[in-house]
Amino acid sequence: MTERKLDGKVALITGGARGLGRGYALRLAGLGADIAIIDRNLKAANVYEFERQLLSADTVIAECEALGIRAMGMELDLTDRDTTEKAVGEIASQLGRIDIAVCNAGGGTFVFADERDAPDGANDTQDLVTTGLPSDTPEEMLTRVLDINVKTCMNTCMAVVPHIKKQGGGKIVTVSSTAGIDARGGYHPYGTSKAAIIHYTRALAQEVGPDNINVNSIAPGIIRTGRLGDRSERAKEIALRREGTIEDCAKVVEFLTTDLSDYVTGRTIIIDGGYLR
Ligand SMILES: NC(=O)c1ccc[n+]([C@@H]2O[C@H](COP(=O)([O-])OP(=O)(O)OC[C@H]3O[C@@H](n4cnc5c(N)ncnc54)[C@H](O)[C@@H]3O)[C@@H](O)[C@H]2O)c1
């Protein structure tokens, strides 16, 4: 990460306050981009010990600034379109432009501790494990999981496209999952929401290709973050025999947000160490 090939660019990372989103923010900041983070809780890293230990400053925004770029954060719920549009407008006005968006905010069928707690709450509640079947999904779960994945992604894309067009082009990365491709496992309706993101990515790429905007998706597999915990026991199911890391995904995001991927659009890159067969 020596060449600062994103100098002068502005990148928005949603859900960047911890986990994979934090990794994308730091990676693009290291390449010279100014960073805007939108998260419903800018201190979300405090919720899990694994994330707290990774932090080298109070917030991811401060970590990005330490890399010598400008960084800002906005705390809001991306399931609301109007709020999202206003926040993106504010970012464009404060940082001067938007060139890149990584639509990473999302979540699964578990209701995680921080979703149940006060936003700055600590580890004092357990994740609530819920289940859904394709033939029987509780209404509350269906709405929540589709909203947190599909709506947050679409609201972000719809809000950034006019700003990216103004720059004469740019890059959008959406975040799917191997669960959006593989129908095994108890991930319903998470998998359905992540499959929808793959389709949306292709459709948006067709629309904004003539505006020089590349839109691609990543589909991570089993990646170690605080939220999902240690799943190293599943290494035997993976061709490369290890869990993925945040850096494994950030490297692909670097590819998709730089000139390396200039002729790639509407595609989904699976980052799973050969988990899917
Ligand atoms: N970790 C994995 O193994 C894995 C695998 C496949 C896909 N993914 C996807 O990658 C993304 C990040 O995963 P992670 O493990 O880092 O999760 P995470 O929970 O650690 O990070 C998600 C971040 O998004 C924020 N967020 C969630 N809903 C939001 C909303 N409505 N508005 C604003 N912010 C919101 C959360 O506060 C959190 O900071 C998710 O979309 C997830 O589905 C993760």
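## Overall build

Helices and strands are counted here as DSSP runs, with at least four residues for a helix and at least two for a strand. On that basis, the chain of this predicted model holds 8 helices and 7 strands. Its radius of gyration is 17 Å, close to the 19 Å that the globule rule gives for 277 residues, so the chain is as compact as a globular protein of that length.

A box of roughly 45 × 40 × 40 Å along the principal axes takes in the C-alpha atoms. Of the 277 residues, 47% are buried. Contacts also reach across the sequence: among those between residues at least 6 apart, 70% join residues at least 24 apart.

## The sheet

Let's turn to the strands. The 7 strands make an open, parallel sheet, and their order is 3-2-1-4-5-6-7. At the edges sit strand 3 (71-75) and strand 7 (268-271), each of which pairs on one side only. Neighbouring strands are turned by 15 degrees against each other on average, direction ignored.

Helix 7 (residues 190-208) packs on this sheet, where it touches strand 5 (170-175), strand 6 (213-220) and strand 7. The direction of helix 7 makes about 165 degrees with that of strand 6. Over at the strand 3 edge, strand 2 (residues 34-39) pairs with strand 3 in the parallel sense over 5 bridges. In this pair of strands, D39 stands opposite E75 of strand 3.

## Strand 5, inside the sheet

Strand 5 deserves a closer look. It is largely enclosed by the rest of the structure, because 6 of its 6 residues are buried. In a regular strand, side chains alternate between the two faces of the sheet. Both faces of strand 5 are covered: G170, I172 and T174 are buried on one side, and K171, V173 and V175 are buried on the other.

What joins strand 5 to its partners? Strand 4 (residues 100-103) runs parallel to strand 5 and is joined to it by 4 bridges, with A101 opposite I172. Strand 6 also runs parallel to strand 5, through 6 bridges, and here K171 has N214 as its bridge partner.

## Around the ligand

Which residues come nearest to the ligand? Of the 27 residues around it, they are G15, G19, G106, S177 and I223. Two elements give two or more residues to this shell: helix 1 (19-30) and helix 6 (139-166). Helix 1 gives the most, with 3 residues.

By class, the shell around the ligand is made up of 11 nonpolar, 11 polar and 5 charged residues.

## Backbone details in the loops

Most residues other than glycine have a negative phi, and most peptide bonds are trans. A few spots in this chain are worth a look with that in mind. The peptide bond from H188 to P189 is cis, with omega near 5 degrees, and P189 is found in the loop between strand 5 and helix 7.

N212 has a positive phi, near 65 degrees, and lies in the loop between helix 7 and strand 6. This residue counts as partly exposed because it has 15 C-beta neighbours inside 10 Å. R241 also has a positive phi, near 60 degrees. Its place is the loop between strand 6 and helix 8 (246-257). Is R241 buried or exposed? With 10 C-beta neighbours inside 10 Å, R241 counts as exposed.

Terms used: Residues are numbered from 1 along each chain as its sequence is written. This is a predicted model: local features need pLDDT of at least 70, side-chain atom pairs count only at pLDDT 80 or more; totals for chains, interfaces and linings use all residues. Two strands pair if DSSP finds at least two bridges between them. Axes are lines fitted to C-alpha atoms, for helices over the stretch in contact, and angles run from 0 to 180 degrees between N-to-C directions. Two residues are in contact if their C-beta atoms, placed from the backbone, lie within 7 Å. The radius of gyration is taken over C-alpha atoms; the globule rule is 2.2 Å times the number of residues to the power 0.38. A residue is buried if 20 or more other C-beta atoms lie within 10 Å of its own, exposed if 12 or fewer, and partly exposed in between; C-beta atoms are placed from the backbone. A residue is near a molecule or strand if its C-beta atom, placed from the backbone, lies within 6 Å of it. Ala, Val, Leu, Ile, Met, Phe, Trp, Tyr, Cys and Pro count as nonpolar, Asp, Glu, Lys and Arg as charged, and the others, Gly among them, as polar.
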